[in-house]
Amino acid sequence: MTTTASRRSAPGRVAPAPHGPLAGTGRLLRLALRADRWTAAVWAVAVAGTAQVSVVGLAGLYATPADLAARAALISSPAATALAGPGYGLDDYTLGAMTANELGVWLAVPVAIMAVLAVARHLRAPEEDGRLELVRSQPVGRAAPVAAGLLATASEVLAVGVLLLAALLTTELDPAGSALLAASVVAAPLVVAAATAVAAQLTTHARTTNALGLAVVGVAFVLRAVGDVQGPRSTSAWSWLSPFGWSQATAPYTLDRWWPLGVSAAAAAACVALAAVLVRRRDLGTGLLPDRPGPARGRVGGLVGLTWRRQRTSVLAWGAGVVLTAGLVGVLASAVVRFVRDEPSLSVLLGDPGDAVAAVFGLYVVFVAVLAGAYAATAVGAARADERAGRATAVLALPVGRVRWLGTQVALAAGAATTMVLLAGLVMGAGAALTLDDASQVGRLLGAAAGTVPGVLVVLGVATALVGLVPRASGAVWSYVAYTGTVGMFAALLPAGADALSPFAHLASRPGEPLDAGAAVAVTAVAALLVGAGVLGVRRRDLDA
């Protein structure tokens, strides 16, 4: 009879585990990609579909050299440059140049928002709600969650770029220019994602990481807008302070410059390296910037006070961005009016032969309203984040019902979004009144902004309905925000009926246009039904925690 000796560890001694700083990255990456597969697919299809439909619409709408020349004249105006970017190839405007100039930044911005949300979801949310502590109890390295989260975000952004390229290749655009455009669209979001990873190491809460990441997007957009107005075709130093400016400097279909993407790659690599350094300098569940201790005696009065205290930073940040954007448009009002009046052909292109100036400002008013709708989506998303992290359970353990809990947050978001839109209309009107020496612009633009409020409430309603009825798909509200923004800015390029689901298509948004009371009431009723469905859905379903 034979016996087999088995090796045993010496008493009191634990066998060492293969535990490097990146141990377990592959498994965490697969888990993150699996969790985000549907969210990433929706974003990719939305961005690629918008690009394909827009290019086909541009090709059909501007089929002659005269039409292209008129469009080039429109893009060369300061206001259009601030929104779209530097005008490359305006002397010989082609479909490719028009696509890169007018769609490039508007494709990159939603992808950047997607990247911010993904980074906060992968890096900060698991740590905040305690899931990462369970993961780290396994043989997982300290840097593995950050590496896996960034790799997952980069994979999702690159998937958007691949599908975008495939959509562009179905059009008549040059394949080489399409490849450069797709690369430039994903380059800026990768930089924003890396910067958000740094913010995730500084803060304790996912909502703060989201706010800082979205602030990076807003500041980058404003820097590019100011720089492009001062120096078209990326000749201003302000444009080179923005990741969006680096992407637009590639000038697809005209100059075809690949080297600005190296600037984006270097900036993203520097931010990733900084995040890797910072993650080693903090404890799990904390941020390098400590939370400010509250007063010894609390001043929060009830659920409304608690909700405002949690959302006030987001409200103030989004409000500042919306109002500053409106103020920039107001300051440029005289240039807009002068340019449009000097180009009579633009009135036809803008779809309003009677008052092309009102049509231009109508586009800006809708743009501001879409920004307010984006804030509403983040506010309702914060309620969903509280539910997943278990903070909602702590509040509901008190004498607070579910309807009151979610209803208070939705009501505060509705009031804040409405205030943003009205204040933006007032500031835009004041700027236009000063630059045009026409006091009536205050009332006209304020009235136009007020006309879009029901549309903003519909976006809020969609977000609430998703949280209440389909909580796992609550992130899909961003696809709807992107849809409303696209049809609001490029409705003339889209097929007939493509704007049917956008509330702004049914509302009066042009200065001086009479209010359609019936349409406003109907759209508001739709918003109320969506909010009601979402609130009742939360009451009937189980909470995630």
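What follows is a conversation about a predicted model, centred on helix α5.

Trainee: What is the mean pLDDT of the chain, and over which residues is the pLDDT below 50?
Mentor: The mean pLDDT of the chain is 83, and 89% of its residues reach 70 or more. One stretch falls below 50, and beyond near neighbours in sequence this stretch has one contact in the model. Where pLDDT is low, the predicted coordinates should not be read in detail. The stretch to treat with that caution is residues 1–17.

Trainee: How far apart are the end C-alpha atoms of helix α5, and what span should its residues give?
Mentor: Helix α5 runs over residues 95–128 and has 34 residues, so at 1.5 Å a residue it should span 50 Å. The model agrees with that expectation, since the end C-alpha atoms of helix α5 are 48 Å apart.

Trainee: Where does α5 bend, and which residue just after α5 takes a positive phi?
Mentor: Within α5 there is a bend of about 45°, and it is placed at leucine 103. Just after the helix, a positive phi of about 95° is taken by glycine 130.

Trainee: Is alanine 100 buried or exposed, and with which residues is it in contact beyond its neighbours within four places in sequence?
Mentor: Alanine 100 belongs to helix α5, a helix in which 32 of the 34 residues are buried. Its own relative accessible area is 11%, which is under 20%, so alanine 100 counts as buried. Its C-alpha atom is 7.0 Å from that of alanine 251, although the two are 151 residues apart in sequence. Leaving aside neighbours within four places, the contacts of alanine 100 are Leu181, Pro252 and Tyr253.

Trainee: Why does the pair of tryptophan 106 and phenylalanine 221 tie together parts that are far apart in sequence, and how many residues lie between those parts?
Mentor: The two rings form a tilted aromatic pair, with 5.6 Å from centre to centre and 55° between the planes, and both tryptophan 106 and phenylalanine 221 are buried. Tryptophan 106 lies in helix α5, whereas phenylalanine 221 lies in helix α9, residues 206–230. The pair therefore ties together parts whose separation in sequence is 115 residues.

Trainee: Which residues form one aromatic cluster, and the charged end of which residue sits over the ring of phenylalanine 221?
Mentor: The count for the model comes to six aromatic pairs, and one aromatic cluster is formed by Trp106, Phe221 and Phe367. Over the ring of phenylalanine 221, 4.7 Å from its centre, sits the charged end of arginine 224.

Definitions and conventions. Residues numbered from 1 in each chain as written. Predicted model: local features only at pLDDT ≥ 70, side-chain atom pairs only at ≥ 80, totals over all residues. Heavy atoms only, no water. Helix = DSSP H or I, 4+ residues; strand = E, 2+ residues; numbered from the N terminus. Expected span 1.5 Å × (residues − 1). Bend = angle between axes of the 7 residues up to and from the residue. Buried < 20%, exposed > 50% of the residue type's maximum accessible area, 1.4 Å probe, protein only. pLDDT = per-residue confidence, 0-100. Contact = heavy atoms within 4.5 Å. Phe/Tyr/Trp six-rings, centres within 6.5 Å; stacked < 30°, edge-to-face > 60°. Lys NZ or Arg CZ within 6 Å of the ring centre and 35° of its normal.
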